[in-house]
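Thanks for coming. I will take a few minutes to walk through one structure, so please have it open while I talk.

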Amino acid sequence: MTASPRPLVAGNWKMNGLKAQLKELAAMATAYDSALRTKVDLLICPPATLAPLAAHTALGSHIAIGAQDCHAKASGAHTGDISAEMLADAGLTHVIVGHSERRADHGETDAVVRAKAIAAKRAGLVAIVCVGETEAQRRAGETLDVVGAQLDGSVPAGFSARELVLAYEPIWAIGTGLTPTTADVAVVHAFIRTRLGKLLGTDGASVRILYGGSVKASNAAELMVVPDVNGALVGGASLTAADFMGIAAVYR
Ligand code: PGA
């Protein structure tokens, strides 16, 4: 029996935050005391404009700073894009790839997401690969088929648990205040665990699988104890230190 992976609570600030927002990160750093540090890893993914400043703000706090996307190539004529190497150079350690908003707004396919995950590994970043079904797919009973296909298409072979985090985010739960039942979360996370084993071998057992979609301090306690839920990917509730640290505190 493998020990449970160490939990990770990750915040995705999306397209939110001017410089003043960094005071929330500073407050998170203060609240992330040595006792909590033994229990849970914390990560904040600010918009790219704030990333180097955020890395500086978080210095010495043990809060990791990540990005929300990267390009698959290391450099070149790709106006407006940012490579994984540039993110690493700016002091970041993680990058979210294949968030449903990127898949929807920018037409990112599983193949594109996979290429970005490979780029992350190439640059020494941890890739956080996101998967999740739409409301229509859930209603049609297609959740596991959809998530299975996304995993097969987006998770590159040969990744270790140090290089990959998986995030299950039902699209209908993102930003809506709706969450699946804990029983439904358990079914999908168990399915993902099994599929990661097929894709990655023994490493699949220790890849962290985060749940994301309307996680708040008020529902984190019940969601975070679901088997194979190894933390959370948090959007709206990661924007303030009080909300975000309230979620992290379930691991105290
Ligand atoms: P939410 O977003 O917590 O605001 O629902 C989650 C996400 O998109 O990662």
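**The strands, a helix and the spaces between**

I will start with one pair: Gly66 stands opposite His94 in β4. Before going on, a word on the source: this is a predicted model, where local features need pLDDT of at least 70 and side-chain atom pairs count only at pLDDT 80 or more, while totals for chains, interfaces and linings use all residues. Residues are numbered from 1 along each chain as its sequence is written, and side-chain values use heavy atoms, with hydrogens and water left out.

Back to the strands. When I say helix or strand, I mean a DSSP run, H or I of at least four residues for a helix and E of at least two for a strand, numbered from the N terminus. Two strands pair if DSSP finds at least two bridges between them. Strand β3, residues 64-67, is joined to β4 by 2 bridges, and the two run parallel. β4 also pairs with β5 in the parallel sense, over 4 bridges. In that pairing, Val95 stands opposite Ala127 in β5. β5 is then joined to β6 by 5 bridges, again parallel, and there Val131 stands opposite Tyr168 in β6.

Which way do the side chains point? In a regular strand they alternate between the two faces of the sheet. In β4, residues 94-97, His94 and Ile96 point one way and Val95 and Val97 the other, and all are buried. Buried here means under 20% relative accessible area, exposed means over 50%, and partly exposed is in between, with a 1.4 Å probe and protein chains only. β5 is covered on both faces, with Val126, Ile128 and Cys130 buried on one side and Ala127, Val129 and Val131 buried on the other. Because 6 of the 6 residues of β5 are buried, this strand is largely enclosed by the rest of the structure.

Next, helix α9, residues 182-200. The expected span of a helix is 1.5 Å times one less than its number of residues. For the 19 residues of α9 that gives 27 Å, and the end C-alpha atoms are 26 Å apart, which agrees. The buried residues of α9 are Val185, Val188, His189, Phe191, Ile192, Arg193, Leu196 and Leu200. An α-helix has 3.6 residues a turn, so residues three or four places apart point the same way. What covers the buried residues of α9? The cover includes β5, α7, α8, β6, β7 and α10, where contact means heavy atoms within 4.5 Å. After α9 comes Gly201, whose phi is positive, near 70°.

Two single residues now. Ala58 is in helix α3, residues 51-58, and is buried, with a relative accessible area of 4%. Leaving aside neighbours within four places in sequence, Ala58 is in contact with Leu25, Ile63 and Ile65. Ser214 is in the loop between β7 and α10. Is Ser214 buried or exposed? At 14% relative accessibility, Ser214 counts as buried. With the same neighbours within four places left out, the contacts of Ser214 include Ala173, Gly175, Thr176 and Asn219.

Last, the spaces. On a 1 Å grid over the protein atoms alone, a cavity is a set of points where a 1.4 Å probe fits but cannot get out; a pocket is an open set with protein on both sides within 12 Å along at least five of seven lines; lining residues have an atom within 4 Å of a point. Grid points are joined across faces, edges and corners, and a volume is the space filled by probe spheres set on the points.

The structure holds 1 cavity of 30 Å³ or more, and the largest cavity has a volume of about 50 Å³. Among its lining residues are Gly98, Arg103, Cys130 and Glu169. α5 and β5 each supply at least two residues of that lining.

The largest pocket has about 530 Å³ of space. Of its 20 lining residues, Lys14, Gln68, Asp69, Arg102 and His106 lie nearest its centre. The largest share of this lining, 3 residues, comes from α5.

The second largest pocket has about 260 Å³. It is lined by 17 residues, and Asp41, His94, Val126, Ala161 and Arg208 are the closest to its centre. Strand β2, residues 41-45, gives the most to this lining, with 3 residues. So ends the tour.
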